[in-house]
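Hello,

Here is the structure I promised to pass on to you. Have a look at it first, and my notes follow underneath.

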Amino acid sequence: MTSIPLVDLRAQRRRLGNRIDTAVLRVCDEANFIMGNEVAEFERSLAEFCGARHAISCGNGTDALILAMIAKDIGPGDAVFCPTFTFAATAEAIALRRATPVFVDIREDTFNIEPDSLLEAIETARRSALRPRGVIAVDLFGHPADYASLEEIAEQHGLWIVSDAAQSFGGRYRGRAVGQLAELTTTSFFPSKPLGCYGDGGAILTDDDELAACVDSLRVHGKGADKYDNVRIGVNSRLDAIQAAILKEKLAIFPDELTARARIARRYSDELCDTVRTPHMANNVSSAWAAYTVVLDGHDRDKVAAGLKQAGISTAIYYPVPLHRQTAYRDFPRANRNGLPRSERLANSVLSLPMHPYLDEATQDRVITKVRELAN
Ligand SMILES: Cc1ncc(COP(=O)(O)O)c(C=O)c1O
């Protein structure tokens, strides 16, 4: 019995054949490893793909968030709101600036930031004498957050929105592509992400010329006219030319992969909706399906996960502990002093099943049959 990985990166490699090898060798032969044409060309293609005016690549998705927080000039006394049910990088970027992450609960259906809880968090921040500055919305598992509600609240309270689209690049929201949903969008090219490279990589997308110029400077030590002219304090966070060359090849097949992910997700949902809680698919919103995550309300999740493992099927729990319960983050404020109940409940009941564009029907059927058997 062959085992079924959560994400099968080798299957994509088989499809791409020697195109990636050729691209990598081209960079090696040109010996132009940092920035240069490969990076500039990839950035142009990335911006064009999502309709943003600027794409600025960087070292990884965490750096993209950090660069965004430096560009928004947050610091001590500032409150930035983010969901607690996310990867640590979201809050880390805020805390590293010595600003205060204020944790917000999530919606039960999309696992994304809940607007009413955001309003509570804004009150919490004000009571704590913090200055509310902005929101980092996370498009968890690839499903864009409820930007219309967030924009309304942001406008009322004078906040900016940064979209953490590490998982959702390729998704759409009411006719707009991810990359156009906030003033600044950050994404990750971690290998298992929908658009992943062969190592670390990330990018920032924006329509704002000034922010784009600022981030472009920040990623190269706050460069001015050149890197020996330093006009602001920055970092060293660039996408390698080799990764850019790989990503250019991958971007060419990305639309097709997104279609395959959507088809696979729909098939899972059709087959599993009477057994477990399947992901919500909001109208006029399309997910990039970074993960296919079910909710095992009323089931023993450990038993289901162990049964799947025994059958050679990999699963993952994103995320077992919400950030406001983590050692490093538990002292930061949260929307509700009594806890963030939906995040806590979902942390105990979510399970992500194998999901990638090359999951064939026979393999998917093995997963479906086993989940039905274990969760019934
Ligand atoms: C929601 C979210 N934000 C940020 C990141 C950070 O991206 P990276 O691993 O490229 O630094 C990730 C990636 O794991 C993520 O899932």
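Helix α6, residues 115-127, lies across three strands, namely β2 (78-83), β3 and β4, and runs at about 145° to β3. Please keep in mind as you read that this is a predicted model.

One residue to pick out in α6 is Thr124. Is Thr124 buried or exposed? Its relative accessible area is 9%, and because the cut-off for buried is under 20%, Thr124 counts as buried. Beyond its neighbours within four places in sequence, Thr124 is in contact with Pro333, Arg334 and Ala335. With Arg334 there is a polar contact too: a polar atom of the Thr124 side chain lies 3.4 Å from the backbone oxygen of Arg334.

Now to the sheet under that helix. It is an open sheet of seven strands with mixed pairing, in the order β1-β9-β8-β5-β4-β2-β3. The edges are taken by β1 (54-58) and β3 (100-104); each has a single partner strand, so one side of each has no neighbour in the sheet. From one strand to the next, the twist averages 25°.

Strand β2 is a good place to look inside. Six of its six residues are buried, so the rest of the structure largely encloses β2. Both of its faces are covered, with Asp78, Val80 and Cys82 buried on one side and Ala79, Phe81 and Pro83 buried on the other. As for its partners, β2 pairs with β4 in the parallel sense over four bridges, and Phe81 has Val135 of β4 as its bridge partner. The strands β2 and β3 also run parallel, joined by five bridges, and here Ala79 stands opposite Thr100 of β3.

At the other edge, β1 pairs with β9 (residues 202-206) in the antiparallel sense, over five bridges. His54 has Thr206 in β9 as its bridge partner. Helix α4 (residues 61-71) packs on the sheet as well, touching β1, β4 (131-138), β5 (160-164), β8 (184-188) and β9. The direction of α4 makes about 160° with that of β8.

There is also a ligand in the model. Which residues are closest to the ligand? Of the 15 residues that surround it, the closest are Gly61, Thr62, Asp164, Gln167 and Ser188. A polar backbone atom of Gly61 is 2.8 Å from an oxygen atom of the ligand. For Gln167, an N or O atom in the side chain is 2.8 Å from a ligand oxygen atom. Lys193 contributes a polar side-chain atom that lies 2.9 Å from an oxygen atom of the ligand.

Last, please take a look at helix α10 (residues 301-310). Its buried residues are Arg301, Val304, Ala305, Gly307 and Leu308. Seen down the axis of α10, these fall within an arc of 160°, so they line one face of the helix. In an α-helix there are 3.6 residues a turn, so residues three or four places apart point the same way. The cover over the buried residues of α10 includes α11 (341-347), β12 (350-353) and α12 (361-375), while Asp302, Lys309 and Gln310 are exposed on the other side. The N-terminal end of α10 is capped by Asp300, which has a side-chain oxygen 3.2 Å from the backbone nitrogen of Asp302. Just after the helix, Gly312 takes a positive phi of about 80°.

Enjoy exploring, and all the best!

Note on methods
Residues are numbered from 1 along each chain as its sequence is written. This is a predicted model: local features need pLDDT of at least 70, side-chain atom pairs count only at pLDDT 80 or more; totals for chains, interfaces and linings use all residues. Side-chain values use heavy atoms; hydrogens and water are left out. Buried means under 20% relative accessible area, exposed over 50%, partly exposed in between (1.4 Å probe, protein chains only). Helices (H or I, at least four residues) and strands (E, at least two) are DSSP runs, numbered from the N terminus. The arc is that of the directions from the helix axis to the C-beta atoms. Contact means heavy atoms within 4.5 Å. A polar contact is a pair of N or O atoms within 3.5 Å; within protein, one must be able to donate a hydrogen and the other to accept it, and residues adjacent in sequence count only if both atoms are side-chain atoms. Two strands pair if DSSP finds at least two bridges between them. Axes are lines fitted to C-alpha atoms, for helices over the stretch in contact, and angles run from 0 to 180 degrees between N-to-C directions. A residue is near a molecule or strand if one of its heavy atoms lies within 4 Å of it.
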